[in-house]
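Okay, thanks for squeezing me in. I'll put the structure up and walk through the bits I found worth a look.

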Amino acid sequence: MHRLRTCASRLRPLTASQTVQSLSQQRPAVINRTLQPIRRYTAPVAAEPFLNGTSSNYVEEMYLAWLEDPKSVHKSWDVFFRNANAGAPPGTAHQSPPPLGTSLASLTQAQSLVGAQPNVEKLVEDHLAVQSLIRAYQIRGHHVAQLDPLGIMDADLDSSVPSDIITSTDKLGFYGLDESDLDKVFRLPTTTFIGGEESALPLREIIRRLEMAYCQHIGVEFMFINDLDQCQWIREKFERPGGRHFTIEEKRTLLARMIRSTRFEEFLQRKWSSEKRFGLEGCESLIPALKTIIDKSSENGVENVIMGMPHRGRLNVLANVIRKELEQIFCQFDSKLEAADEGSGDVKYHLGMYHRRINRVTDRNITLSLVANPSHLEAVNPVVQGKCKAEQFYCGDTDGKRVMSVLLHGDAAFAGQGIVYETFHLSDLPSYTTHGTVHVVANNQIGFTTDPRMARSSPYPTDVARVVNAPIFHVNADDPEAVAYVCEVAAEWRATFHKDVVVDLVCYRRNGHNEMDEPMFTQPLMYKTIKKQKGVMLKYAEKLIEEGSVTRQEYEEEIAKYDKICEEAHARSKDEKILHIKHWLDSPWPGFFTLDGQSKSMSAPSTGLTEEELSHIGQVASSVPVEDFTIHGGLSRVLKSRGEMIRNRTVDWALGEYMAFGSLLKEGIHVRLSGQDVERGTFSHRHHVLHDQNVDKRTCIPMNHMDPNQAPYTVCNSSLSEYGVLGFELGFAMASPNALVLWEAQFGDFHNTAQCIIDQFICPGQAKWVRQNGIVLLLPHGMEGMGPEHSSARPERFLQMCNDDPDVYPKIKPEDFAVQQLIDCNWIVVNISNPANLFHVLRRQILYPFRKPLIIFTPKSLLRHPEAKSNFDEMLPGTHFQRLISEAGPAADNPADVKRIVFCTGKVYYELNRERKTRGMENTVAISRIEQLSPFPFDLVKSETEKYPNADIVWCQEEHKNQGYYDYVKPRMRTTIARIKPVWYAGRGSAAAPATGNKKAHLLELSRFLNTAFDLDAFKEHE
Ligand SMILES: Cc1ncc(C[n+]2csc(CCOP(=O)(O)OP(=O)(O)O)c2C)c(N)n1
Ligand SMILES: [Mg+2]
């Protein structure tokens, strides 16, 4: 389907005498005009009846010009403004224009056409019409731009032509104009740059220039941006006549890049025709597009580009943008090669990469990394942003001038995946902004087999970007120069405004979804057209040959040169005997590992602190470290009670966390805590940011007043997004091992809206990509009678994904047991029952010479529980994290008398303890707390069970039987005791929901399972 695109071409060409001449006065510079403080004048003219809506803008501009220089406007306006300012009543300020005097004799014939109009009202109306016509192109010109290389689809899914875009002369009627107006000259408003040096143009030329700017191979969508300077900037980039002139050298570079992009895919196709590679055919200009963005950004001072992208063209990007050695890519196609590294690895089109090299265009160093990602489309977006933010943070790049992110998208995924929106919403938040991301959409107008009309409700796949006022440049990907131009503008936009921008490369997909896929089943007509479509490289080469920018011989030589490079790399790839996933690391941590990628040692120093350090941190935590700062009365009481606790050498949960963060900061470790309402803490226990009660927005973070040489502490309330923010923090933690990065869920159950980050990145990240990560998840958890939500952080899900074998007792030397288990595990899952253990586990996270994700189920009622406190003695040098807290009461003194050992974890311990006391069973029942659920403390559980030979074994949990920990611990406990005894269950029965919504039922369930736990006959009948 072709729309009627232009009318200028059908209109009479301009004659020399009609070309534009400037009016007698130069227009004041745009910036001066646009920055005028008075945007709404209040002079009496405002009351004129014909001044409505858009017309008032036009008159306003003229009025401002008249104020500056009365001669700068037409005589009739001069008289009008004089009369109006003198107080003429509305409707009477207008007088017919005086006859042209001799001083105006130098005006051109064209001007006199306008000036000679007998009716000034008509003159005003026509000018207003032209002004709104210009505005119509700026707003809606992209709807008729020629964006689809195939010419069969409308990029906006709408074949209608806006009625205010002039596609035939009769459409001039919409504006009250007709063909006879085409040669009249109209003064141009300051909101357009189509005039270049001219301030007025004949209507015919105005339309022609608007079509050139907005309706060719580039469709610019930007008029929704509510910042005038930004709009003016874009208008200038696309409207200025003459456009971007490419030098011969630039054209040849562009062609060379097209050749690499195209021939790379052809090479893979020749060698491995039946292998999936998600080729770029149909969107080959993606490679020059990315290279242009990188060149331009490097020119503007960027040294480090972090990229994220899906499957489409990924190998090509690795080869031709990141410049991964070709042999490393090719050997991934060799199915016989064995993997050298531990872990299960990943398919080649998911792997990441990191490369530092010289940018040949700018001759500057540049580091490029492509972040490894799962199949889950768009999931990598927040991860890239987090990594980018971290890299900016560590190099002190506070405004994103040195480090930037580039995100690539598919059209269907960009429109369909909510994470795109969530990530956009991080883009301008102080603790999450990366100061502008360049987004590139490989818009092949199809998603797998689904037509865009079935895949989105928005006109373009890119509309989501409008929420953050990002300009969107749609471009026909079969026009490499147009592509290169919008990419230059996009990079400049980012460098100028430090905001997001989108390049929508409208292209097609020459093959099926992958190389084995038949597209004709579902898109027969589209693919018939595609089969006839000449490739973009060929088209561009022919254009350059024809215009003499390159000879055919040079073109063929360039092709032969690149083919040879591929062939030679292919030959070398055959020498590779083994696959190294390590070569595909996107975030190396120099110096953290040994040269062959191992942890430098097997042990960690004690996680304890000296008495002085504990007291000092405690003092900071209980004081306001700045002068004249008024805190809330309730907070004063909190700080006072903290002070008392410190004097008594005790800590509660908040202080345990404080001690861990504070000490790490003092040791130079950056700590970053992010999540919803983390600054105060959802449960109002943390208070890491103090707010002056008398001065708006005056805050203080005592943690940053610890020591002059400390590392900075970042604590930030996040947007209400789990998927986006957890992904972001994971990315932040990827950049350096020397930071404790924590994400806290408001309540643990909300993590499931970030499930993809947990399932695809955190749990298997090291196995897939040999990439360690020490992110900490704080997940408030516990059955407090609050109903099905807000209760369970779903421990069963995390435990089910642990990689330790339930049926095998690990063969590890006793002295290495704890550490080796951690090295082998995919993540650590803990449910901690006291503040000292929280303190240790957080410090251990950093002091160990390797990194593992740490999942902590954190308490709610224990935050203020009088028994859930720890003594300084439990945190002094020599103390450490307790994987299991053994019974320490009377039962431990006479173990032979103990009839039952109850194993449990977390908060239920306090309920069990109270019940045991009530029942007076301290001598007969031992209670043992498993604090580190995974890796399972087989060794400690073993000695604990052996200590009580006459006791039966019970696992007690407050969660329902099919949830919580039971399914995880039971087989491991059975393995530990060589299955000589049963492991009984005391807890809630199986259920669909995590908790009852009825408080009474909740309490009844609690008393029932406590009863089971202490009824020594409870399991007799089952034996
Ligand atoms: C979250 C998610 N859902 C579904 C899929 C399966 N899938 C793989 S590619 C694809 C189509 C993607 O279309 P588009 O984003 O336009 O990219 P293209 O393949 O056209 O480049 C789908 C649905 C996936 N990978 N991720
Ligand atoms: Mg697509």
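Let's begin with Lysine 697, which is exposed, with a relative accessible area of 72%. It's in the loop between β15 and β16, where β16 is 699-700. The backbone there is a bit unusual to look at: phi of lysine 697 is near 65°, a positive value in a residue other than glycine. Before I go on, keep in mind that this is a predicted model.

Now, histidine 687 also has a positive phi without being a glycine, and here the value is near 55°. That one lies in the loop between β14, residues 670-675, and β15, residues 690-691. So is histidine 687 buried or exposed? Histidine 687 is buried, at 12% relative accessible area.

While we're on backbone geometry, there's a cis peptide bond too. It joins serine 934 and proline 935, with omega at about -5°. Proline 935 is in the loop between β26 and α31. Those two elements, β26 at 932-934 and α31 at 938-947, come up again with helix α27, since they're among what covers its buried residues. Helix α27 is residues 817-824, and Phe817, Val819, Gln821 and Leu822 in it are buried. The cover also includes β20, 828-831, and α28, 835-847.

Okay, over to the ligands. Which protein atoms are donors of the magnesium ion, ligand 2? They're Asp411 through OD, Asn444 through OD1 and Ile446 through its O, lying 2.0 Å from the ion. Along the chain the spacing reads D-x32-N-x1-I. Aspartate 411 is in helix α13, residues 411-416, while isoleucine 446 sits in the loop between β9, 437-443, and α15, 452-455, so this pair ties together parts that are 35 residues apart in sequence. Both aspartate 411 and isoleucine 446 are buried.

Aspartate 411 turns up again at ligand 1. There are 15 residues around ligand 1, and those that come nearest are His311, Arg312, Ser375, Asp411 and Ala413. For aspartate 411, a side-chain N or O atom is 2.5 Å from an oxygen atom of ligand 1. Histidine 311 also uses its side chain, with an N or O atom 2.8 Å from a ligand 1 oxygen. With serine 375 it's the backbone: an N or O atom there lies 2.9 Å from a nitrogen atom of ligand 1.

I mentioned β9 a moment ago, so let me follow it to strand β11, residues 501-506. The two strands run parallel and are joined by 6 bridges. Asparagine 443 has valine 506 as its bridge partner in β11. Strand β10, residues 472-476, is parallel to β11 as well, with 5 bridges between them. There, asparagine 476 stands opposite valine 506. How many residues of β11 are buried? It's 6 of the 6, so the strand is largely enclosed by the rest of the structure. Both faces are covered, with Val501, Val503 and Leu505 buried on one side and Val502, Asp504 and Val506 buried on the other.

Last stop is further along the chain. Here 5 strands make an open sheet with mixed pairing, in the order β23-β25-β24-β27-β28. At the edges are β23, 884-885, and β28, 983-988, each pairing on one side only. β28 pairs with β27, residues 952-960, in the parallel sense over 5 bridges. If you want a register to check, cysteine 956 has alanine 986 of β28 as its bridge partner. Helix α30, residues 908-919, packs on this sheet, touching β24 (900-904), β25 (925-930) and β27, and its direction makes about 170° with that of β25. Then there's helix α33, residues 999-1014, which lies across β24, β25, β27 and β28 and runs at about 160° to β28.

One residue in there to zoom in on is tyrosine 985, which lies in strand β28. It's buried, at 11% relative accessible area. Setting aside residues up to four places away in sequence, tyrosine 985 touches Trp955, Gln957, Glu959, His960, Lys961, Tyr966, Thr1012 and Phe1019. Tyrosine 966 is 19 residues from tyrosine 985 in sequence, with the C-alphas 7.9 Å apart. As for polar contacts, a polar side-chain atom of tyrosine 985 lies 3.2 Å from the backbone nitrogen of lysine 961. The backbone oxygen of arginine 988 lies 2.6 Å from a polar atom of that tyrosine 985 side chain.

That's my tour, happy to rotate anything for you.

Key
Residues numbered from 1 in each chain as written. Chains lettered and ligands numbered in written order. Predicted model: local features only at pLDDT ≥ 70, side-chain atom pairs only at ≥ 80, totals over all residues. Heavy atoms only, no water. Pairing = 2+ DSSP bridges. Helix = DSSP H or I, 4+ residues; strand = E, 2+ residues; numbered from the N terminus. Contact = heavy atoms within 4.5 Å. Axes fitted to C-alpha atoms, helices over the stretch in contact; angles between N-to-C directions. Buried < 20%, exposed > 50% of the residue type's maximum accessible area, 1.4 Å probe, protein only. Donors = N, O, S within 2.8 Å, 3.2 Å for Na, K, Ca; no water. Near = heavy atom within 4 Å. Polar contact = N/O pair within 3.5 Å; in protein donor to acceptor, adjacent residues only side chain to side chain.
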